[in-house]
Amino acid sequence: MKVILVGEGKLVYHLARSLLSKGYNVTIVSKNREFCEDISKTLKLTVVNGDPTKIGVLESAEPTKEDILVALTQRDQDNLMVCQLARNMFTMGRVFSLVNDPDNLEIFKKLGFVYSISTTEILASMVEQKISLEDIINLIPVEEGKISILEVDIKQGSPMIGKRLGEVGFPKGALIGSIIRQGNVLIPHGGTVLEEGDRLLIISLAEVQPEVLKFLKIEE
Amino acid sequence: MRILEKSRILVVDDEKNVRTMVKKVFEGEFDVDTASNAEEALDLLKKNKYDLVFLDLDMPVVNGIELLERMKKGENPIPVIMMTTYGSVEEAVKAMKLGAKDIITKPFTQEEVTKVVEEILKEKEDEESNIQDMEKRIKEALTVGDIKRARNMVLELFRLKPSSPIPHFLYSLVNEKEGKLEEAIKHLNASLSLDPSYEPAKRKLGQIQRSSKSSNERKERNQS
Amino acid sequence: MKEKTLYVVIAGCGAVGGRIAGHLSSMGHSVVVIDRDEKAFNNLPWEYSGFKIRGDVAEIENLKMAKLKNADAFLALTDDDNTNFMVTQVAKKIYNVPMVLARVNDPSNLKLFEEAGVLVVSPVILTVQFILSFFLGEDAERKRKV
């Protein structure tokens, strides 16, 4: 399973970095040759240089049903075309798009691309609600790249079931923030016994996250 | 519905395609003149009498609103239809306040423009028959000596058509009936200043001046 | 009997768009053309009696300005397939314009447009068909001799 990012620029670069730190495989598709060359040198990912609105180019990114695609170009019509190709030609189930002109949100949603976001729209409504930047930082104490939050479900057959939290041996730097059990929120402590169906909220430093993910994979 | 015979329309817009379009729509039914700027428009307005003017709100150099203001200062006000581009609400409101009869947003279809012209010309027609009606009733009132009623109707007419020579003329008839000849002359002069070609006022003025002259002569003769 | 006049909005005032606009308006229809390049309007015939809107057709605001909701037909004739795709979708799905047509420059995109219920015209396919008609069929030889 991988994430395909379509587009170029700072946004694509930082999103790629962020996703890589979370353990995802990332492929970039971009028309911009320079960007493709630069990013392939600085980040460990697959790069396809070409017009993403052409089927042949998108095919080179080897999209599959399980993959996630995010369209991030500066032109809404290109993003729409990419989304359409991804869903109709490559049967991708999870397609996200950036929509530059908020007026275009309607057509994206009408065509079934529910996960379309217009940052212009978000910023505009923030300004309208007069939320100051400071308030935002306090509200979401997650500075991008420094701390990350993971949700993990304890599935049937997991070796963690029946064990006490303190016994499980989570990597250092990972904190179990809370456990959601049958709709109730529990504040865990070392003696909390894990049950099937528990949802753990794990807070960790970004540097530690790949370790946490690896640990969880082993524990499955 | 009866549209006035060969009404005359003026279209003022700097875009050739708009002038062509409106001209095409009314060609045959009406006489259509076009102007591409304010100067040309004012020129044509001096030479011809128009029943309706189409005016573009966003003409460069002299804005449509300015031209509208200039036109209002003239004599008999002509109904003006302002043409605006989609979304310019403030300008449109300004235009209406200045007395534009109606507003039509570009782009408009042939149906839209035909409809708005028909409505305005019909209104004009109704108004004119209304005024003729009122004139008749005022004269009737004066004939039977009901000066009070006549005066009230004239004042109503003043309200409806403040820049028309007709109310002043009719008021002079009221003055005449009351024996206030100096007042009558004042109003007749006012009437003629609004429209120097208004025959009824000219005739009445001449009449009053002749009769006062001859009554003065009689007075002099009697005294001597 | 006079035919009904239609309200037609055309996106793109290139060589094709300009001429179509001119023909439709002289046929008596109400036409609006949208193009972001002022010079493109030079493609309109001098007796054009429709309207012009200068703006990027990918900005929905310009389609609103053109009163697309009242249109009987919408023609997407820009030279960019992606733009033509997005605007025809808007015309069809949001404004319910009865007739929606797109110019499709890259034949590999044809299927996408057709599946979306848009009428298409493909300059490449038309040209290919025209040339092949000189080589195929019964009157092919006759044609070549002209």
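Two strands pair if DSSP finds at least two bridges between them. Strand β1 (residues 2–6) of chain A meets that condition with strand β4 (residues 68–71) of chain A: 4 bridges join them, and the two run parallel. One bridge sets V6(A) against A71(A) in β4(A). The model described here is predicted.

## Chain A

Chain A holds 9 helices and 10 strands. It has 220 residues, and 28% of them count as buried. Take the contacts in chain A between residues at least 6 apart in sequence. Of these, 56% join residues at least 24 apart.

β1 and β4 belong to an open sheet of 6 strands in chain A. Its order is β3-β2-β1-β4-β5-β6, with parallel pairing. Why is one side of β3 and of β6 left without a neighbour in the sheet? Both strands, β3 (46–49) and β6 (116–117) of chain A, stand at the edges, and each has a single partner strand, so one side stays free of a neighbour in the sheet.

A helix lies across this part of the chain. Helix α4 (residues 76–88) of chain A crosses β1, β4 and β5 (94–98) of chain A. It runs at about 180 degrees to β5(A).

## Chain B

Chain B has 9 helices and 5 strands. From the N terminus, its elements run β-α-β-α-β-α-β-α-β-α-α-α-α-α. Of its 224 residues, 30% count as buried.

Here 5 strands form an open sheet, in the order β2-β1-β3-β4-β5 of chain B, and the pairing is parallel. The edge strands are β2 (31–35) and β5 (102–106) of chain B, each pairing on one side only. From one strand to the next, the twist averages 20 degrees.

Inside the sheet, strand β3 (residues 52–56) and strand β4 (residues 80–85) of chain B pair in the parallel sense over 4 bridges. V53(B) has V80(B) as its bridge partner in β4(B).

Two helices of chain B can be set side by side:

| Helix | Strands touched or crossed | Angle |
|---|---|---|
| α1(B) | β1 (8–12), β2 and β3 of chain B | about 175 degrees to β2(B) |
| α5(B) (residues 110–143) | β3, β4 and β5 of chain B | about 175 degrees to β5(B) |

## Nonpolar cores

The largest nonpolar core has 73 residues. Which residues have the most contacts inside it? They are L5(A) and I10(C). Helix α4(A) gives the largest share of this core, 6 residues.

L5(A) touches several residues beyond its sequence neighbours, including V12(A), L15(A), V26(A), I28(A) and V70(A).

A second, separate core has 30 residues. Among them are V18(B), A35(B), I81(B) and L121(B).

## Where the chains meet

Chain C touches chain A through 14 residues, which are in contact with 16 residues of chain A. On the chain C side, α2 (60–65) and α3 (81–94) each supply at least two residues. Which element gives the most to that side? It is α3(C), with 8 residues. By type, the chain C side divides into 7 nonpolar, 4 polar and 3 charged residues.

Chain B also meets chain C: 10 residues of chain B are in contact with 13 residues of chain C. Helix α1 (residues 16–26) of chain B gives the most to the chain B side, with 4 residues. That side divides into 3 nonpolar, 5 polar and 2 charged residues.

Conventions. Residues are numbered from 1 along each chain as its sequence is written. Chains are lettered from A and ligands numbered from 1 in the order in which they are written. This is a predicted model: local features need pLDDT of at least 70, side-chain atom pairs count only at pLDDT 80 or more; totals for chains, interfaces and linings use all residues. A residue is buried if 20 or more other C-beta atoms lie within 10 Å of its own, exposed if 12 or fewer, and partly exposed in between; C-beta atoms are placed from the backbone. Two residues are in contact if their C-beta atoms, placed from the backbone, lie within 7 Å. Ala, Val, Leu, Ile, Met, Phe, Trp, Tyr, Cys and Pro count as nonpolar, Asp, Glu, Lys and Arg as charged, and the others, Gly among them, as polar. Axes are lines fitted to C-alpha atoms, for helices over the stretch in contact, and angles run from 0 to 180 degrees between N-to-C directions. A nonpolar core is a set of buried Ala, Val, Leu, Ile, Met, Phe, Trp, Tyr and Cys residues joined through C-beta atoms within 7 Å. Lists of a residue's contacts leave out its neighbours within four places in sequence.
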